[in-house]
Structure formats: C-alpha cells, structure tokens
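Biologist: Could you zoom in on one part of this model for me and walk me through what sits around it? Take your time, I'd like the whole picture in one go.

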Amino acid sequence: MKSITQVSRLLAMPVKTIRYYDDIGLLGSVSRASNGYRQFTETNIAQLRLIQSARFAGFSIDESKELLTLFNDNNRASKDVKALTRDKISVLKEKINELNNVVKNLEFLHDACAGDEQSQCSILDGLSKKT
C-alpha cells in the first residue's frame, strides 16, 4: 500500500488530481487507513497510470472511464478497446486537420502583412472577417 504522496511522486501526478479521480469514482474503491488517509494498491496505481496515459492521448474523463471499465474486466473483448481507440484516432486526425487549416490561414495572413509603421493590418482585417 502506498500513500497519496508516494503515488503522486511515483506517477508525477498532482495529489489534487489523484484525489479528484478518486472522488469521481474512477478508481473504484481506494482503501482508507484508520486515520482516513487513502491507501493505494498496485491495482489503483495501474489504474492511475492508465488514466494518465489515456488523458495524455486525448481521451476525455468519460472515455478514460470506459477504458478503465474494460481494463478492470477480465472478460473484455479487445475489439471493444480497439473500437474506442479507432474512434479517438479519427477525432484526433480531424482536429489535426482543423489545426493545419488554422496554421495555413495564419501563415497567409502573416505573409500578407506589411509589418510596417502603418495602422493598416491585414492580419487583424483577416481575423475580423466571418469565415
């Protein structure tokens, strides 16, 4: 069993974040010492690692909860995990395309800007137009 401080150091995750994940029920049951302090098992730590990795990969809290449900289910089908991941990849690719379009638009506006002492600014003009 590890304390919340030990887990925080081990995972480089803020104590506040660990408490939040526990408070919203992502970790199932976390044991409490007689003083009321949380005590984390290796299973809890593995769950936190999964949440941490999932969140870094762009999964929402709800999606991370789905992944945890599958993680905790020994009778899961890997196709279910694969489907969630495929959906996330699609969403991320769409966001990447959107961001690439934003970059192209900003580059166009940047290149069109004279960048001199005049008040006329093609960047502000372009950003203020309806897209």
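Modeller: Sure, let's start with Lys-2, which lies in strand β1. Keep in mind that this is a predicted model. Lys-2 has a relative accessible area of 30%, so Lys-2 counts as partly exposed, given that this class runs between under 20% for buried and over 50% for exposed. If you skip the neighbours within four places in sequence, Lys-2 is in contact with Val-7, Leu-10, Arg-38, Gln-39, Phe-40, Glu-42 and Ile-45. For a sense of scale, Asp-116 is 114 residues from Lys-2 in sequence, and their C-alpha atoms are 61 Å apart in space.

Ile-45 from that contact list leads us into helix α3, where Ile-45 is buried along with Asn-44, Gln-47, Leu-48, Ile-51 and Ala-54. The buried residues of α3 pack against β1 (2-3), and also against α1 (4-11), α2 (15-23), β3 (38-40) and α4 (61-72). As for the helix itself, α3 covers residues 42-56, 15 residues in total. From first C-alpha to last, α3 reaches 21 Å, close to the 21 Å you'd expect at 1.5 Å a residue. Just after α3 comes Gly-58, with a positive phi of about 100°.

Now for a bit of surface. Leu-127 sits in helix α6, residues 122-128, and with a relative accessible area of 52% Leu-127 is exposed, because the cut-off for that label is over 50%. Together with Val-102 and Leu-106, Leu-127 makes a nonpolar surface patch of about 260 Å².

Definitions and conventions. Residues are numbered from 1 along each chain as its sequence is written. This is a predicted model: local features need pLDDT of at least 70, side-chain atom pairs count only at pLDDT 80 or more; totals for chains, interfaces and linings use all residues. Side-chain values use heavy atoms; hydrogens and water are left out. Patches are made of residues with over 30% relative accessible area and no salt bridge: like charges are joined within 9 Å, nonpolar side chains (Val, Leu, Ile, Met, Phe, Trp, Tyr) within 5 Å. Accessible areas come from the Shrake-Rupley method with a 1.4 Å probe; for residues, only the protein chains shown count as cover. A salt bridge is a side-chain nitrogen of Lys or Arg within 4 Å of a carboxyl oxygen of Asp or Glu. Helices (H or I, at least four residues) and strands (E, at least two) are DSSP runs, numbered from the N terminus. Buried means under 20% relative accessible area, exposed over 50%, partly exposed in between (1.4 Å probe, protein chains only). The expected span of a helix is 1.5 Å times one less than its number of residues. Contact means heavy atoms within 4.5 Å.
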